[in-house]
Amino acid sequence: DLVVVLGGDGTFLSAVRLLQGQPTPILGINMGSLGFLTETPVDELYEVLNLAIKNKLTRIPRSSLQAVIHCGNGKRITYFGLNDLVLERGAESRLIDLAVHCGKLFVCTVKADGLIVASPTGSTAYSLAAGGPIVHPDVQGITITPICPHTLTNRPILLPNDRPIRIKLSQSTAQAVLMVDGQRCEDLTSADELVVTKGNHPVILLGMPQRNYFDVLRTKLRFGQRE
C-alpha cells in the first residue's frame, strides 16, 4: 500500500527501481543532504506518516522514462527510470559522437563527453548541473542536455514526450556507457540504438497538501534568492 523511504534522493531512486513501475505511492523522508525527492524533513516523520495512513496526503504523479536498447545482434534490453538516462564516454578519454532523432525527424549530432536525457523530475538533478533548464513536473516533455559539448551550438533542448527519442553512436565512437538514475547498466556500441520514451506508468509521490513544487524549489535550491 505504501513505501516509506528513509534517506536521500539516491535511496528514493533505489525504491523506484524496486517497484518496477508498480503504482505504489512513495513517501520520502529526508535523512540525506539535499533531499529534493525526499522532501519531508525527518522531524515531521511521525506527523506525515500518520497523515499518509489516514490517506490525507496529496498523490503527486511524476512522469517516468523508459529506455530500450536495440542491440546489433537483435536483442532488446529495457530499463525504467525516474530522473534521467545518461550516455557517457566511460573510460574512454575522447569525446563521443551521437546522432539524435525525435520521432522520424533528425535533431542534431552531438559531440561531447556525454548526453543527459531527463524527465521533468530529473531536470533538477544532473541535467541542471550540466546547464539544463528547470522543468515543472506537469510539463509533458523530455530534456536533452549535452555534457561539455565540443561546440557552443549544442544547447539543451526540451522535446515532446509523445514520440520516441532515438540516439545512436557514430561508427567513429568505440563505445559509450548507459547510466539509468545513476546506475551503470550497459555498454553500447555503434551497432546499437537507444530509444527513449515516456514510461507507461508514472511514479506516485506523496506530499503535504500545503507544500507545492515552488516551495520545494525555494527551500532546496534557494530558487530566486538574491543572497
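Which strand does T40 lie in? T40 sits in strand β3, which covers residues 40–41. Helices (H or I, at least four residues) and strands (E, at least two) are DSSP runs here, numbered from the N terminus.

A quick word on the ground rules. This is a predicted model, where local features need pLDDT of at least 70 and side-chain atom pairs count only at pLDDT 80 or more, while totals for chains, interfaces and linings use all residues. Residues are numbered from 1 along each chain as its sequence is written, and side-chain values use heavy atoms, with hydrogens and water left out.

**The whole chain**

Let's step back for a moment. The chain has 4 helices and 17 strands. A compact globule of 227 residues would have a radius of gyration near 17 Å, and the chain agrees with that at 18 Å. That radius is taken over C-alpha atoms, and the globule rule is 2.2 Å times the number of residues to the power 0.38. Along the principal axes, the C-alpha atoms fill a box of roughly 55 × 45 × 30 Å.

Of the 227 residues, 47% are buried. Buried means under 20% relative accessible area, exposed over 50%, and partly exposed in between (1.4 Å probe, protein chains only). As for contacts (heavy atoms within 4.5 Å), residues 24 or more positions apart account for 63% of those with a separation of 6 or more.

**T40 and L27**

Back to T40, which is buried because its relative accessible area is 1%. Leaving out neighbours within four places in sequence, T40 is in contact with L27, G28, I29, N30, V48 and R211.

L27 belongs to strand β2 (residues 26–30). L27 has 0% relative accessibility, so it counts as buried too. Not counting residues up to four places away in sequence, L27 touches a list of residues including L2, V3, T40, V48 and L206. S63 is 36 residues away from L27 in sequence, and their C-alpha atoms are 17 Å apart in space.

**Strands side by side**

Strand β17 (residues 203–207) has 5 of its 5 residues buried, so the rest of the structure largely encloses it. Both of its faces are covered: V203, L205 and G207 are buried on one side, I204 and L206 on the other. Strand β4 (residues 58–62) runs antiparallel to β17, joined by 5 bridges. Two strands pair if DSSP finds at least two bridges between them. One of the partnerships here links P61 with I204 in β17.

Another antiparallel pair is β5 (residues 65–70) with β6 (residues 76–81), joined by 6 bridges. V68 has T78 in β6 as its bridge partner. These two strands form a hairpin with 5 residues between them, and G74 in the turn has a positive phi of about 95 degrees.

**Two loop residues with positive phi**

Which residues other than glycine have a positive phi near 55 degrees or near 60 degrees? Here they are:

| Residue | Phi | Loop | Relative accessible area |
|---|---|---|---|
| Q20 | near 55 degrees | between α1 (9–19) and β2 | 58%, exposed |
| N55 | near 60 degrees | between α2 (45–53) and β4 | 63%, exposed |

So while T40 is buried at 1%, Q20 is exposed at 58% and N55 is exposed at 63%.
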